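Me: Could you walk me through the aromatic ring pairs in this model, please? I would like the geometry along with the reasoning.

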Amino acid sequence: MTTPAAASSLSPLTPAAASVRGRFLWYDLMVPDVDAAIRFYAAVTGWTTAPWGTAGEGSPYTMWMNGASPIGGVMTQTSAETAGGVPPYWMAHIGTPDVDATYRDALALGARSFVAPSDIPDVGRFAIVSDPQGAVFSMFQPSNPSPAPSPMPAVGEFSWHELPTIDPTSTFDFYARLFGWEKTEAMPMGPAGVYQMFGQAGTTYGAVYPSAASNRPSQWLLYVRVGDLTRALDAVRQGGGQVLREPTPVPGGQIAHCADPHGAHFALHEATAPEAQG
């Protein structure tokens, strides 16, 4: 897997040490054509970009900017990934105060290692693994604490994190032991099982639920909040992407599942205006 690039002094990869464990901190997109990806996501989400050095075989690394705030990055997939048939993908980085200890615990719990604990100078330390069901993620230990962000994601930020898996019970236990996640609300889905939400300290991050696809590894689905879902989906289609799941009402808004022109899956979330909720 590709190593994440260093983040700038603007980076949200440096939350307060007391609250770093278990928080989603950063999001990377690995694709064969970075310029095409930048055009696509700029039209869909309104993100801009800022350059940041190089990473992974010397490839340029570009940060996604939501206004003045960096929220993630995009870079060209490595030759090893493309040669191995790894499709383009999004990857989340989850916080830990001790990446070496979390990495050891993950392997003991059945994770597969892709990148052992490594340093990003002046930024922090990371490792990349897949959980026992195959979902890939990064664990990140930031170097410089800064205040935690608001628990309510703004437009343009990642707002939800979903993991379909063939074994949701053991999968949730795996992440709970590593990151201290707790079960929050649970929504029965009939014969499909239970949509189990999770979070910590009163903030819900996402959900783990049964997957009907038992013939392929699990994969995190990451949601971006948009101000106008209809407009964003028009941009997905016009930009060569696909709408895989049409707008669906959910508590507090509506969602849609998409694929970008390279095939990387992501989701969009439009929240109901606060004044409309009462």
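**Aromatic pairs and burial**

Me: Is Tyr-175 buried or exposed?
Reply: Happy to start there! This is a predicted model, where local features need pLDDT of at least 70, side-chain atom pairs count only at pLDDT 80 or more, and totals for chains, interfaces and linings use all residues. Residues are numbered from 1 along each chain as its sequence is written, and side-chain values use heavy atoms, leaving out hydrogens and water. Buried means under 20% relative accessible area, exposed over 50% and partly exposed in between, with a 1.4 Å probe and protein chains only. Tyr-175 has 0% relative accessibility, so Tyr-175 counts as buried.

Me: What class of pair do the rings of Phe-198 and Trp-220 form?
Reply: Rings of Phe, Tyr and Trp (its six-membered ring) pair if their centres lie within 6.5 Å; planes under 30 degrees apart count as stacked, over 60 as edge-to-face and the rest as tilted. For Phe-198 and Trp-220 the centres are 6.2 Å apart and the planes lie at 75°, so the pair is edge-to-face.

Me: How many residues apart are Phe-198 and Trp-220?
Reply: Phe-198 sits in strand β11 (residues 194-200), and Trp-220 in the loop between β12 (203-210) and β13 (221-225). Strands here are DSSP runs (E, at least two residues), numbered from the N terminus. This pair links distant parts of the chain, with a separation of 22 residues.

Me: Is Trp-220 buried or exposed?
Reply: Its partner Phe-198 has a relative accessible area of 0% and is buried. Trp-220 has 6% relative accessibility, so Trp-220 counts as buried.

Terms used. Helix = DSSP H or I, 4+ residues; strand = E, 2+ residues; numbered from the N terminus.
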